[in-house]
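This report looks at how the parts of one protein model fit together. Please have the sequence and the structure at hand while reading.

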Number of protein chains: 2
Amino acid sequence: MDSYTHPYTFSQRAQQLTSSTIREILKVTERPEIISFAGGLPAPKGFPIDVMQAAFNYVLENKGETALQYGPTEGYAPLRAWVAEDLKRVGADVSPDEVLIVSGSQQALDMLGKLFIDPGSKVLVEAPSYLGALQSFSLFEPKYVAVPTDEGGLVPEGLTDECTAGARFIYVLPNFQNPTGLTLDLARRKALVERCAAAQVPIIEDDPYGDLRYAGVALPGLLGLGRAAGATVIRLGTFSKVLAPGLRLGYIVAPKPIIAKLVQIKQATDLHTASLTQMAVYETVKDGFLTTHMPMVRELYKEQCGYMLEAMDQHFPATVSWTRPEGGMFIWVTLPAHIDGSKLLARAIEQNVAFVPGAPFFAGAHPQTNTMRLSFVTVSEAKIREGIAILGKLIKES
Amino acid sequence: MDSYTHPYTFSQRAQQLTSSTIREILKVTERPEIISFAGGLPAPKGFPIDVMQAAFNYVLENKGETALQYGPTEGYAPLRAWVAEDLKRVGADVSPDEVLIVSGSQQALDMLGKLFIDPGSKVLVEAPSYLGALQSFSLFEPKYVAVPTDEGGLVPEGLTDECTAGARFIYVLPNFQNPTGLTLDLARRKALVERCAAAQVPIIEDDPYGDLRYAGVALPGLLGLGRAAGATVIRLGTFSKVLAPGLRLGYIVAPKPIIAKLVQIKQATDLHTASLTQMAVYETVKDGFLTTHMPMVRELYKEQCGYMLEAMDQHFPATVSWTRPEGGMFIWVTLPAHIDGSKLLARAIEQNVAFVPGAPFFAGAHPQTNTMRLSFVTVSEAKIREGIAILGKLIKES
């Protein structure tokens, strides 16, 4: 303790926060000699820097006073309207006042935790699921229940009456899931929304990667399917993967009574999302920029994914299995049962290779410790091949 | 309920959120014919648009990939160092790793609620206090206890053993308080930090307006005084009033063990604050821009405040009293005991004048309903005189 403090008392939730061993280990991934498959960072090559610069200039030159002033908690009206229109692409028909702009998807998760979770509330999650969502929700002390999954992702038949009874919501990433890279097929999507409608369990559809599809056929989102089936669907979207994550800009789509509550929560959380950022992003996307920009980004991710899959085919032993994503940023690896992902990480780091072990992604389920998540996005082809070769050798020696 | 939803269950905290009558009434203040003294908006004339535009251009041209990528949760290191150095002006000696960058001060309040408040935790507040802080803290269901105040603001002698026992923290705005405009004098500041050190109650010092002093002599902040006295002080600062609020940029200064927990909370709350914004603000302020910019802003606020005080002297009856702020944005008015601020508001709106009635600013105390908060910042001189004349007439008729 510093000399200038005295004892103080943290909340229960803050006391439960512990510094994770994995986070400590992964701090070394910042060293330049490390080949890191651990990150969740988009490729900077995909950032349209010039276009964004022009947009910031336009806004500051023409609408500077509005862009630098406090703005409405709901968000910049033209951007809300753009999002509503854009959602037609995933088969949803929503109105602009069903859209709330937030400071990145992570903030949406925090706000939804505030909205739905009391201590002990049942929350349904995929196992494994996105670690950042689990961190956000956990601050509100839910009781997680894992929905059964298989090699096709979430199994809708697993949503039994016992499983869904009293659940505040189910949290699902239908496209190129983090961490598995798996995509829910159309039949499962339909079965999922129908079961949730019948069981009256709201669905939180988190879709940060949907626009990063580089193989297969695009599928309708849970929002449109769910509304048709009478389910309550809350959809989260972000500009992090289509423009740039450093902007911290995302949105929530929900029925109006839910948006109304979320607006009150957002006001207490950060008043509103930066006006300048919202206006500059609107200027960037309003005339269809993403339809020309995204094919380039998709091609980049497809290549990177291909390099890693090729290297894995070459270097990983037959006792290892992994997903083959149709989009997104991650490959999920299942090791032989006797290999613990976090122990493998410790040895890999000695050889300057890093990844995220799979266990922390499991909530409400027995963690599968023989798993790991690999990101292929920001590493060069040569380093991907070198890093995967090292991992293959370590696995064979284990 | 829309056709595409079924019943769902909100958390206790969300159920307790009610749409305030005042907020509904104040929606009319957006009509152009309304003379609004209700806002808390800084004057757009004070926004350095050209300078900010140059900064955004510099960052995007020279450091675009970093500015658009995910960044560290703690914030942009050069900006943290700038804040630490800048705090010498208020008599505090802090290191950059005691600074955490946040997405506006409102987010700091949310994070401190998460850090310190369990349901039923005792929290000490001035009565009246900043409404936005009460909204943030309330989501975590504290029990508010009001510290006695008088015409000099918070009365340190009111911090008795009974008052401080078990309190998680005390929340104080020492400079040009919102809503009263009052400033704690040096003797009270010293007595406050000494009592809090002895009682082991952390102090949250919120100082959004400190740089807006246009009369009197600057006083050392609670951070420096408190550290010297052995108190735990957490200081909140913002760029909203010295640059522009639409950026949503602020910071928390605290002892390292508290920063460490807040970093974990920030990660779950929104990962980090926008990299581009942090870098552009750093470029704007790093070479002393604020020392030339702030005198112009202060002069503007001083003039505006003067117009309102003059008009009040002219039009308000002797039965009304009000504060004479040395800085900031607000004047606090105490009406004759029989006049209810919210009833006066209803009549004022019929004559196209708006303000915020005082009662909602009181937590943990019997609200003084015969009060109102006036902001003089964004209204023209002529409209200030016209609006105050109307209020004076209404008060005399009441």
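## Two domains and two chains

Domain 1 of chain A and domain 2 of chain A bury about 2,900 Å² between them, and carbon and sulfur atoms give 63% of that area. Buried area is the accessible area (1.4 Å probe) that two parts lose on being put together, summed over both. The model is predicted, so local features need pLDDT of at least 70 and side-chain atom pairs count only at pLDDT 80 or more, while totals for chains, interfaces and linings use all residues. Residues are numbered from 1 along each chain as its sequence is written, chains are lettered from A and ligands numbered from 1 in the order in which they are written, and side-chain values use heavy atoms, without hydrogens and water.

The bounds below come from an automatic or database domain assignment. Contact means heavy atoms within 4.5 Å.

| Domain of chain A | Residue range | Residues in the contact |
|---|---|---|
| Domain 1 | 12-47 + 291-397 | 33 residues |
| Domain 2 | 65-289 | 34 residues |

The centres of domain 1 and domain 2 of chain A, taken over C-alpha atoms, are 25 Å apart. One salt bridge (a side-chain nitrogen of Lys or Arg within 4 Å of a carboxyl oxygen of Asp or Glu) is found across this interface.

Chain B can be laid on chain A by a turn of 180° and a shift of 0.0 Å along the axis, with an RMSD of 0.0 Å, superposed by least squares on C-alpha atoms of residues with pLDDT of at least 70 in both. This is the relation of a two-fold axis.
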